[in-house]
Every structure is written in C-alpha cells, then in structure tokens.
Amino acid sequence: MSRISETFHQLKKNEKTCLISYITAGDPSLDDSLKIMNTLVNSGTDIIELGVPFSDPMADGPTIQRACERALIHKTSCSDIFNLVKKFRINNKGTPIVLMGYLNPIERMGYDLFAKSASESGVDAVLVVDLPHEEAEDVVNIFKKYNLESIFLIAPNTKTERIKKIANYASGFLYYVSLKGVTGASTLDINSTKEQLKIIKNTIELPLAVGFGIKDAETAKILSNQADAIVIGSAIVNIIENEQGDNIKTNSDIMQLMNPIRLKLDENIISGEEV
Amino acid sequence: MKPNQNKKLSDFKLMKYGYPDDNGHYGVFGGTFVAETLIEPLRNLRDMYHKLKKDEDFLKELYSEYENYVGRPTPLYFAERLTSKINGANIFLKREDLCHTGAHKINNTIGQAILAKKMGKTRIIAETGAGQHGVASATVAARLGMECVVFMGEQDIYRQSQNVYRMKLLGAEVVPVTSGSKTLKDALNEALRDWVTNVDDTFYIIGTVAGPSPYPELVRDFQAIIGREVINQMQEIDKKVDALVACVGGGSNAIGLFYPFIDTESKMYGVEAAGDGLDTDKHSAPLNKGKIGVLHGNRTYLLEDENGQIIETHSISAGLDYPGVGPEHALLKDLGRVNYESATDKESLEAFHELSKVEGIIPALETSHAVAYAIKLAAKMKKGENIIINLSGRGDKDLNTVARIEGIEI
C-alpha cells in the first residue's frame with residue numbers, strides 16, 4: 001500500500017479527518033522549509049503538500065505568488081526540493097509528501113528524470129495544477145513507472161461525467177477546489193461546497209480532499225463531514241510572510257494556527273471515546 | 001488557392017493545412033494547460049465559437065462592424081519611394097495602422113466582444129502590455145455597452161501613461177499589476193485569475209494568438225481578414241505575392257497576414273524583437289532563442305532559465321516584450337513554412353525613421369521591426385517581385401519613447 005493510501009486507511013480506522021498542509025518549498029529558505037515541515041507534522045498534519053515555486057503561478061492568489069517570488073530569489077529548483085525531501089525523510093518515514101506545482105519546471109527538467117529523482121528522494125505524489133487529464137496521459141504513465149501517484153483537481157464547475165474521467169487518471173486522492181477562484185480567496189460558500197462534496201463522494205472511490213479558502217477550524221470542521229481531507233495553505237503561508245524569517249515566531253505561530261484545527265477536526269472522536 | 005471574397009471566417013478544414021486538431025493542438029504545440037476551473041468555460045467558448053463562426057447573423061454583424069466601425073478594408077499601399085530607393089522588390093504596405101484605434105488589435109477585440117455578447121456576458125476583461133490591446137478592448141466594450149476591466153503591469157502603466165488615460169476616457173477600469181516582473185506576462189496571469197473568479201458573467205478577451213485553446217484559433221480567425229484582403233487586393237491589380245513580412249510578439253498580426261497564404265507558394269517572414277542582439281540576454285525572441293515549454297495555457301517556445309522559470313525579456317517595443325509566442329508560430333517554424341528572423345532595437349529605430357521620412361508614414365515600434373527586416377529582404381529580391389509588409393500599427397503612441405531615447409524633450 002502506498003504511503004498515502006496507508007495514511008487514509010489508518011485515519012479512517014480511527015474515524016479521523018486527514019489534515020493536509022501546504023507550504024512553498026524554499027520560502028523563505030530551504031532550511032526554514034525543513035523546520036516548518038516538522039512543525040506541521042508536530043501540530044497534526046497528516047500529509048504535506050510542498051509547492052514547487054514557479055515564476056507565473058496563474059492559479060494561485062497573491063499570497064502564494066509572493067511565496068514563489070521569495071523562493072525564487074535564491075533560485076529554488078526541483079533538485080533543491082528533492083534534497084529537502086531527502087533530509088526530511090531521515091527522521092520521518094511516514095508522512096506522505098505531495099509536490100504541487102506547474103508543468104514548466106517539470107518539463108524543463110525532463111519528466112523521466114523528475115519522476116525518478118522525486119521518487120528516490122521520498123516524494124509520494126505530484127499535483128500539476130495546469131495539467132488537466134486531457135494533456136496528462138504520458139506524464140501520468142511516467143509518474144506511475146516510478147510509483148508516484150497523480151493528484152488531480154476537481155472544480156465547482158466540473159461536470160459529473162468529467163469527474164469520472166478524472167478519477168480514471170487519478171491516484172492517492174482527489175482534490176476538490178472549493179471555490180471558483182484562486183488560492184487564498186475569501187469567498188468560500190460553505191453550503192454549496194457541502195452539497196458539491198456530497199455529489200462528488202457518490203461519484204468517486206478515491207479519498208476526497210477539499211481546499212482553497214479554508215482558513216479556520218470552524219470551516220474545516222463543517223467541511224470534514226463531507227470530505228476525507230482538509231487542505232490548509234495560504235493561512236500558513238501568510239504566517240511565513242508576516243514573520244519574515246523569524247524562525248521561532250514562524251513555527252510557534254504555525255502551531256497556534258494548526259493545533260486548534262486538528263483539535264476541532266478530532267472533536268467528535270474524543271467525545272466518542274469518552275462515551 | 002482561390003481568394004475568399006465571401007463574408008466568412010476561415011474554414012481550415014478546406015485547407016490542406018489542417019491545424020489545430022480537435023483538441024487545440026498545433027502538432028506538439030498549443031493545447032489546454034489550465035487549472036480545472038477554466039476547463040468548462042473554455043469548452044463553452046470553443047463550442048459557442050464553432051457554432052457562431054458559421055452563423056449568418058453573427059457574420060453579418062461582424063462584417064458590418066469591420067466595415068463601419070473598424071474601417072475595413074484597409075488599403076494596400078504601394079510604397080513607391082521606398083521601393084525605388086531600395087531598388088529591389090516592389091514594397092506594399094497593408095495599412096492596419098489605419099484601423100480605428102490605430103492598430104490591427106481591434107479586428108480581434110470586436111469579434112470577441114460580439115461573441116461575449118452572444119454568450120450573455122456583461123463584463124469584459126483584458127490584459128495589455130503597451131496598452132494597444134487594452135485600448136482596443138475598452139473601445140469595443142464602450143461600443144457594445146459592456147463593463148471593461150484592463151490588467152496592466154505597473155511598469156507598463158508608467159511607460160504608457162497616455163494609453164492608460166485613453167482607456168479611462170473610454171470608460172474602462174485599469175488595474176495595476178504589481179506581481180512578478182510587473183509587465184505583460186504578469187497582467188496575463190492576473191487576468192486569468194480574475195476570469196477564474198468571475199467566470200459566470202465575465203468574458204476574457206485575449207489579445208494575441210496565445211493562451212489556452214480555443215484562443216489561438218479564434219484570434220487567428222478574426223485577424224485573418226488581413227490576409228484575405230491582401231489576396232483580393234493583389235488579384236485586383238493582377239500581382240503575385242512573393243513574400244510576406246510581419247513582426248511577431250505573441251504573433252496575432254503575423255498570423256492574420258500569413259494564415260490565408262499557408263497553402264500558397266508565397267514566402268513568409270516573421271520578425272522577432274532582437275533587443276540589444278540575439279547573443280545578449282536582452283531580447284524577446286523565443287522562436288530564435290527559446291526552448292519548448294508551457295506557459296499561459298499552451299505549449300510553445302519560451303524564454304526561460306535552466307530551471308524552467310520564465311525570464312524577463314527586453315524590447316524597445318512594449319508590444320513585442322513577451323517571453324512566449326503563439327503555438328501556431330511554433331508549429332510553422334518547425335514545419336519550415338515560415339522563416340523567423342529578427343531585428344534589433346537599433347535596426348528598428350532606423351526603420352522607424354526611414355519609413356517616416358520616405359513615405360510619410362510613422363510606424364509603431366513593433367511594426368518597425370517588420371519594416372527593418374523587409375528593407376533588407378527587398379534589396380535581395382528581384383525587381384518586379386512583390387513583398388507585403390503588415391503595417392500593423394501607427395507610431396503615435398511611441399513618440400515619447402523614441403524622443404526619450406534620442407534625448408529630445410517633448
């Protein structure tokens with residue numbers, strides 16, 4: 001069983017919701033990223049999404065665009081990110097790592113070399129934001145060859161027929177974009193998202209993650225009834241930006257953000273155990 | 001190839017050259033590389049466009065706007081003095097600079113705006129570099145009574161303050177883009193982000209033959225009126241077309257001129273911006289110096305660093321200052337059908353002055369790149385042969401830039 005499947009399997013057994021956290025690799029430095037990854041795990045993160053910085057992140061909001069810019073000041077490359085993952089894996093063999101980024105840096109490195117190096121460093125899956133399934137067949141096959149899972153997005157305007165097609169290419173989990181907009185937007189409509197999630201859950205078998213616009217424990221909790229995983233991204237990246245390289249403060253602020261989310265997600269279970 | 005005098009849009013199925021395919025690919029180029037949220041609106045746009053391009057009412061409205069609002073057909077002018085001075089091929093200028101708003105851009109914006117209206121959209125967004133496409137978008141939005149928002153890099157807003165004011169006069173909102181390099185590519189990112197967010201009521205008018213499918217196809221089809229008119233105009237004076245020359249940034253004016261000639265024997269030359277020179281790192285010539293990659297929804301030639309990050313480009317003309325190029329140009333390069341040449345800032349400035357003094361026509365700095373190369377080409381061609389330059393825009397917008405370079409205060 002893959003690390004991601006194993007993670008979802010265990011969480012399901014314990015009736016827990018998966019918490020996925022996003023940071024951009026190399027923001028503000030690779031050393032900082034390693035510390036933050038460990039902090040995320042210590043504050044309840046089950047899967048880490050590591051952003052591969054790109055100069056033109058057109059599906060991301062200003063927060064993650066600026067994170068990319070900070071990471072690119074010192075030219076964070078795919079190879080740098082593989083080294084980061086290798087270092088992380090020395091002490092952590094269990095937490096799945098998903099790389100999330102845009103196609104061009106991967107294409108430039110070469111798909112085969114990228115997939116081979118990613119897999120060897122301990123990466124579990126790749127989400128290429130600007131690669132819809134129609135363009136993805138060759139890439140997915142190369143990823144598969146190196147045991148990398150392919151995560152795909154589903155949007156609020158994705159029709160059911162298309163969701164089924166996407167699911168054919170996807171492995172690991174599917175990622176539902178909870179709003180029409182970019183990452184970090186503030187217009188998440190909880191009720192319509194809940195409805196959509198119900199429909200999608202009936203269509204697919206893979207675990208379903210939901211992200212874009214989730215900033216607090218309350219929203220995370222409400223959506224967790226319909227989804228297997230909750231993704232927190234821009235809220236974490238905002239902290240990294242605000243603390244401007246102050247290591248201790250960054251990590252303590254991230255703890256303060258993530259601990260309540262983890263607690264809230266686990267609330268029912270704790271009370272359930274008490275009964 | 002028979003000239004197409006009917007009021008139609010291109011029907012590529014009738015041509016031997018049959019690109020793009022059903023998935024918007026031009027060989028390995030083009031395609032739809034966007035986040036999932038944009039897939040559905042792009043499909044709707046493609047389906048609507050394929051339906052409307054054969055719809056008589058749509059074509060009637062489009063051609064009525066071409067004639068009465070844009071000012072088509074534009075003249076094909078024989079540049080007699082320039083021809084005799086160079087003493088080579090006969091030089092003809094396709095006068096797109098005489099279109100309403102001063103450039104070919106409006107051929108496309110009027111087409112897309114009518115499409116937007118037919119799709120029930122009430123709000124138009126556009127990206128702009130030099131401001132020409134922004135002005136052309138703001139103009140048609142005013143013409144059709146639609147809201148218009150134009151995204152423009154902060155750098156460009158500063159460099160092109162006059163066009164910013166023009167857009168505001170036309171009722172558009174100009175949004176400064178402060179991310180990345182603060183230029184055209186970042187304006188495009190920002191427009192895509194707006195579109196993802198407001199996709200229900202908003203139509204995104206892309207200004208060039210790039211972007212995700214179906215944009216390269218529909219922008220080409222709206223611009224192909226240029227080449228079709230040239231075919232008719234040369235037939236009327238019973239002359240053969242030996243060579244076609246146009247500047248290439250994203251490449252919309254070039255494709256507009258070239259496309260109807262693809263199945264003919266005419267030679268074609270696209271001219272990229274060589275900036276300080278192709279061997280320096282200050283140019284905007286992805287077809288000459290770029291690598292294949294994916295940006296802004298399509299696969300094409302790009303200027304990027306060793307890690308696949310898009311690099312900043314340079315050209316004296318803001319309209320050519322873009323790190324990518326339309327996917328169809330990438331294909332035409334690889335097929336060997338079009339020769340992609342370049343002209344430096346310096347050569348283009350010289351051509352700018354030459355055409356102004358010899359013919360009394362001040363070309364845009366973008367266009368001056370085509371003029372610079374065409375002058376060299378015409379000199380090598382035989383007398384009696386004919387060369388067409390797409391005079392894509394007028395140079396009024398560039399007077400400040402040229403004056404500044406030459407140390408003149410206006």
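How many residues does the largest nonpolar core have, and which of them have the most contacts inside it? The core has 192 residues, and A:Leu50, A:Phe173 and A:Ile232 are those with the most contacts inside it. A nonpolar core is a set of buried Ala, Val, Leu, Ile, Met, Phe, Trp, Tyr and Cys residues joined through side-chain atoms within 4.5 Å, where buried denotes under 20% relative accessible area with a 1.4 Å probe and protein chains only.

This is a predicted model, in which local features need pLDDT of at least 70 and side-chain atom pairs count only at pLDDT 80 or more, whereas totals for chains, interfaces and linings use all residues. Residues are numbered from 1 along each chain as its sequence is written, chains are lettered from A in the order in which they are written, and side-chain values use heavy atoms, without hydrogens and water.

**Cores**

The element that gives the most to the largest core is helix H8 (residues 184–197) of chain B, with 7 residues; helices are DSSP runs (H or I, at least four residues) numbered from the N terminus. A second, separate core of 29 residues includes B:Val245, B:Ala343, B:Val358 and B:Leu377. Leaving aside residues up to four places away in sequence, A:Leu50 touches, among others, A:Ile23, A:Met37, A:Leu84, A:Ile97 and A:Met100, a contact being heavy atoms within 4.5 Å.

**Helices of chain B**

Helix H1 (residues 39–52) of chain B has 14 residues and spans 20 Å from its first C-alpha to its last, close to the 20 Å expected at 1.5 Å a residue, the expectation being 1.5 Å times one less than the number of residues. Its buried residues include B:Ile39, B:Glu40, B:Leu45 and B:Tyr49. Helix H9 (residues 215–223) of chain B is mostly covered, with 9 of its 9 residues buried; among them are the charged residues B:Glu217, B:Arg220 and B:Asp221.

**Pockets**

A pocket is an open set of points on a 1 Å grid over the protein atoms alone where a 1.4 Å probe fits, with protein on both sides within 12 Å along at least five of seven lines; lining residues have an atom within 4 Å of a point.

| Pocket | Volume | Lining | Nearest the centre, including |
|---|---|---|---|
| Largest | about 440 Å³ | 19 residues | A:Lys12, A:Lys16, A:Asp228 |
| Second largest | about 370 Å³ | 16 residues | A:Ser55, A:Leu72, B:Gln309 |

The lining of the largest pocket divides into 7 nonpolar, 5 polar and 7 charged residues, and that of the second largest into 6 nonpolar, 5 polar and 5 charged. Helix H3 (residues 62–73) of chain A gives the largest share of the second lining, 5 residues.

Terms used. Helices (H or I, at least four residues) and strands (E, at least two) are DSSP runs, numbered from the N terminus. Buried means under 20% relative accessible area, exposed over 50%, partly exposed in between (1.4 Å probe, protein chains only). Grid points are joined across faces, edges and corners, and a volume is the space filled by probe spheres set on the points.
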